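Here are my notes from going through the model, for you to read alongside the sequence. I've started in the middle of the fold and worked outwards.

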Amino acid sequence: MHLNEEQIEELEKIYRINLINSCSGYKSANLIGTVSKKGEENLAIFSSITHLGSNPPLLGFFLRPTEIVPRHTYLNIKEKLFYTINSVQKNFAEKAHHTSAKYKRNISEFDITKLEAQYINNFIAPYVKLSSIKIGMKFVEEIKINYNKSRLIVGKIVELNVEDDIVSKDGFINLNVSQIATISGCDGYSFPIKNERKGYQKPKKI
Ligand SMILES: Cc1cc2nc3c(=O)[nH]c(=O)nc-3n(C[C@H](O)[C@H](O)[C@H](O)COP(=O)(O)O)c2cc1C
């Protein structure tokens, strides 16, 4: 397949969404848990959560434009400033995927999917009880991408809850042991079974 800029622009909508969403490779799969100032819980799947730095420990995610379709995750983060990022595992990937459906703000995806909410150490936002990795986040800043009206939401990791048996002695988390999902496109879920760690690289002596 070869497509130039013009041909890409002319692609049929769904075909273009699928193609462009999968061409950059596998993405992380996470559920973001939030709560509004009225106490309404919200849970939604995101595939754009990415590492921004270890010290300070920052994670970012990209939010689709909020101007026309209100994004409850975004509204809740701006109201309460704290949110959670939770891993998606094979045994509940179906339920996790369903959180992308557009429910009204007063309807909780925790209730709809029967994914149980969990509050740990009085953290403001709800975690997903079944997730092996539960990250407590504090909002840091948002960066508007004017070209397509999306936003990069930057947050700091302020709490980390990881099942002990998947953390290696050197801190590396063995995601495959917990059957943690990765996403391609908008609805392709994979569950890697093996890691090949290649170690930290130094320049070769020439
Ligand atoms: C696999 C998958 C990945 C998604 N990733 C993102 C994402 O990275 N950013 C985003 O804004 N929406 C993403 N969405 C869409 C949200 O899940 C969807 O808009 C959801 O309704 C948001 O819920 P909320 O309004 O309760 O925040 C994704 C949907 C799916 C199915």
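1. Let's begin with strand 6, bearing in mind that this is a predicted model. Six of the six residues of strand 6 are buried, so the strand is largely enclosed by the rest of the structure. For a residue to count as buried here, 20 or more other C-beta atoms must lie within 10 Å of its own.

2. Which way do the residues of strand 6 point? Phe82, Thr84 and Asn86 go one way, while Tyr83, Ile85 and Ser87 go the other, and all are buried. That fits the general habit of a regular strand, where side chains alternate between the two faces of the sheet.

3. Now for what flanks strand 6. Strand 2 runs antiparallel to strand 6, joined by four bridges, and strand 9 is also antiparallel to strand 6, with five bridges between them. Have a look at Asn86: Leu31 is its bridge partner, and Lys134 in strand 9 stands opposite Asn86 too.

4. Stepping back, the sheet is an open one made of seven strands, and the order is 3-2-6-9-10-5-4 with antiparallel pairing. At the edges sit strand 3 (41-46) and strand 4 (50-54), each pairing on one side only. From one strand to the next, the twist averages 35°.

5. Towards the strand 4 end of that order, strand 5 (residues 57-63) pairs with strand 10 (residues 150-162). Six bridges hold this antiparallel pair, and you can find Gly60 opposite Val154 of strand 10.

6. What packs on the sheet? Helix 3 (residues 72-80) does, touching strand 2 (30-35), strand 3, strand 5, strand 6 (82-87), strand 9 (133-145) and strand 10. The direction of helix 3 makes about 50° with that of strand 2. So strand 6, the buried one from the first point, is among the strands that helix 3 touches.

7. As for the chain as a whole, there are five helices and twelve strands to keep track of. Buried residues come to 26% of the 206 residues. Of the contacts with a separation of 6 or more, 62% are between residues 24 or more positions apart.

8. Last, the overall dimensions. The C-alpha atoms fill a box of roughly 55 × 50 × 35 Å along the principal axes. A compact globule of 206 residues would have a radius of gyration near 17 Å, and the 18 Å of this chain agrees with that.

Conventions
Residues numbered from 1 in each chain as written. Predicted model: local features only at pLDDT ≥ 70, side-chain atom pairs only at ≥ 80, totals over all residues. Pairing = 2+ DSSP bridges. Helix = DSSP H or I, 4+ residues; strand = E, 2+ residues; numbered from the N terminus. Axes fitted to C-alpha atoms, helices over the stretch in contact; angles between N-to-C directions. Contact = placed C-beta atoms within 7 Å. Rg over C-alpha atoms; globule rule 2.2 N^0.38 Å. Buried ≥ 20, exposed ≤ 12 C-beta atoms within 10 Å, placed from the backbone.
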